[in-house]
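Colleague: Before I rely on the terms attached to this predicted model, I would like to go through them one at a time and ask what each rests on.

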Amino acid sequence: MNRIAAIQMISTPDVAENLATARRLVSRAAQDGASLVLLPEYWPIFGMHENDKLAVAEQPGAGPIQDAMASMASELGIWLIGGTMPLVASEPGKVLNTLLAYGPDGRCASRYDKIHLFGFTRGEESYNESRTIAPGRSVQTMETPLGRVGLSVCYDLRFPELYRAMGPCNLIVVPSAFTWTTGQAHWEILLRARAIENQCYVLAAAQGGRHPNGRRTWGHSMLVDPWGDVKAVLPEGEGVVCGDVDPGTLDTVRTNLPALNHRVL
């Protein structure tokens with residue numbers, strides 16, 4: 001058994017405040033025995049305006065947000081998958097929405113730039129990430145003591161072909177900031193579908209509450225097992241969701257229903 005955890009936050013426009021919250025919650029997860037901890041999307045900054053993240057974007061390998069993640073991983077002796085943070089993009093006026101993962105040695109073990117950029121309009125509710133975010137181009141996985149971990153972010157969840165391109169994984173992570181509207185409608189069913197069709201664990205860390213900018217995020221951070229059962233969930237508010245990855249469950253599901261071996265296309 002390997003214990004893993006998802007951190008749920010209600011991030012603010014204040015980076016220092018968010019760093020302190022993340023450190024407190026990640027420490028709690030480590031104290032609960034988690035060897036791998038996932039932060040949500042936009043955890044270091046949830047700005048009053050969509051351009052706010054440009055002012056705190058960091059160059060790869062340098063900056064207070066990256067330093068904080070590296071120190072948390074090394075001090076606590078965990079694998080820390082850092083949700084997403086803004087990295088400087090080559091396109092003026094935009095950032096990359098980047099997931100960085102750190103090993104227990106404090107070194108960056110993997111990087112994934114979010115590929116699919118969220119767009120949604122219904123009535124007065126409207127979002128368009130492509131105004132301030134440049135898309136990533138490469139599918140990414142990482143090797144950990146739990147086995148292969150597939151890296152994805154939020155809106156990626158709606159594109160199953162991304163997960164097929166990863167190859168077999170023991171765990172897929174989905175740091176997110178789903179809106180209240182789309183989360184209520186689709187969040188759980190999409191997470192369970194990705195777990196079922198890829199016969200692996202899915203760990204989702206979400207933003208979960210009313211933010212200072214007025215936006216409400218859905219929350220419901222959860223761990224789903226390879227049969228599609230929700231093993232742990234936190235509906236709303238900040239906190240920690242913990243659960244176990246059981247290699248025996250992975251083997252049993254894939255042996256009893258060898259769907260991955262039955263793929264044709």
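Colleague: What makes the space of about 80 Å³ a cavity, and not a pocket?

Modeller: The largest cavity holds about 80 Å³ of space, and the word cavity applies because a 1.4 Å probe fits at such points but cannot get out, whereas a pocket is an open set. Its lining comprises 13 residues, and Phe118, Cys154, Ala177, Phe178 and Thr179 are the ones that lie nearest its centre.

Colleague: How many residues of each class line the largest cavity?

Modeller: Six residues of that lining are nonpolar, two are polar and five are charged. In this classification Cys counts as nonpolar and Gly as polar.

Colleague: How many cavities of 30 Å³ or more does a search of the whole structure find, and what lines the second largest?

Modeller: The search finds two such cavities, and the second largest has about 50 Å³ of space. Its lining consists of Tyr42, Pro44, Lys53, Thr84, Met85, Pro86, Val95, Leu96, Asn97 and Ile133, which by class gives seven nonpolar, two polar and one charged. Strands E4 (85-88) and E5 (95-102) each supply at least two of these residues, and E5 gives the most, with three.

Colleague: What, then, is found around the largest pocket?

Modeller: The largest pocket contains about 460 Å³ of space and is lined by 19 residues, with His49, Glu50, Lys53, Asn213 and Arg215 nearest its centre. Helix H2 (52-55) and strand E8 (125-128) each contribute at least two lining residues, E8 giving the most with three. By class the lining has seven nonpolar, six polar and six charged residues.

Colleague: Why is aspartate 244 called partly exposed, when one might have said buried or exposed?

Modeller: Its relative accessibility is 29%; buried would require a value under 20% and exposed a value over 50%, so aspartate 244 falls in between and counts as partly exposed. Aspartate 244 belongs to strand E16 (residues 239-245), and, leaving out residues up to four places away in sequence, it touches Met1, Asn2, Arg3, Tyr201 and Leu223. Aspartate 244 and glycine 33 are 211 residues apart in sequence, yet 9.9 Å apart in space from C-alpha to C-alpha.

Colleague: How do you know that both faces of strand E14 are covered?

Modeller: In E14 (residues 221-224), Ser221 and Leu223 lie on one side and Met222 and Val224 on the other, and all of them are buried; each therefore has under 20% relative accessible area. In a regular strand the side chains alternate between the two faces of the sheet.

Colleague: What makes E14 a partner of both E13 and E15?

Modeller: Pairing requires at least two bridges. Strand E13 (residues 201-204) is joined to E14 by three bridges, and E14 to strand E15 (residues 230-234) by four, so each of these pairs meets the requirement. Both pairs run antiparallel. Methionine 222 of E14 is the bridge partner of alanine 204, and in E15 its bridge partner is valine 233. The hairpin of E14 and E15 has five residues between the strands, and there glycine 228 takes a positive phi near 95°.

Colleague: Which strands pair with E11, and in which direction do they run?

Modeller: Strand E10 (residues 141-144) is joined to E11 by four bridges and runs antiparallel to it, the two forming a hairpin with two residues between them, while three bridges join E11 to strand E12 (residues 171-173) in a parallel arrangement. Threonine 144 stands opposite glycine 147, and valine 149 opposite leucine 171. E11 (residues 147-151) is described as mostly covered because four of its five residues are buried.

Colleague: What makes the set containing Leu171 a nonpolar core?

Modeller: The set qualifies because its members are buried residues of the listed nonpolar types, joined through side-chain atoms within 4.5 Å. The largest such core has 45 residues, and those with the most contacts inside it are Ile81, Leu171, Val173, Trp187, Leu191 and Leu203. Apart from it lies another core of 30 residues, including Ala34, Val37, Leu39 and Val240.

How values were computed:
Residues are numbered from 1 along each chain as its sequence is written. This is a predicted model: local features need pLDDT of at least 70, side-chain atom pairs count only at pLDDT 80 or more; totals for chains, interfaces and linings use all residues. Side-chain values use heavy atoms; hydrogens and water are left out. On a 1 Å grid over the protein atoms alone, a cavity is a set of points where a 1.4 Å probe fits but cannot get out, and a pocket is an open set with protein on both sides within 12 Å along at least five of seven lines; lining residues have an atom within 4 Å of a point. Grid points are joined across faces, edges and corners, and a volume is the space filled by probe spheres set on the points. Buried means under 20% relative accessible area, exposed over 50%, partly exposed in between (1.4 Å probe, protein chains only). Contact means heavy atoms within 4.5 Å.
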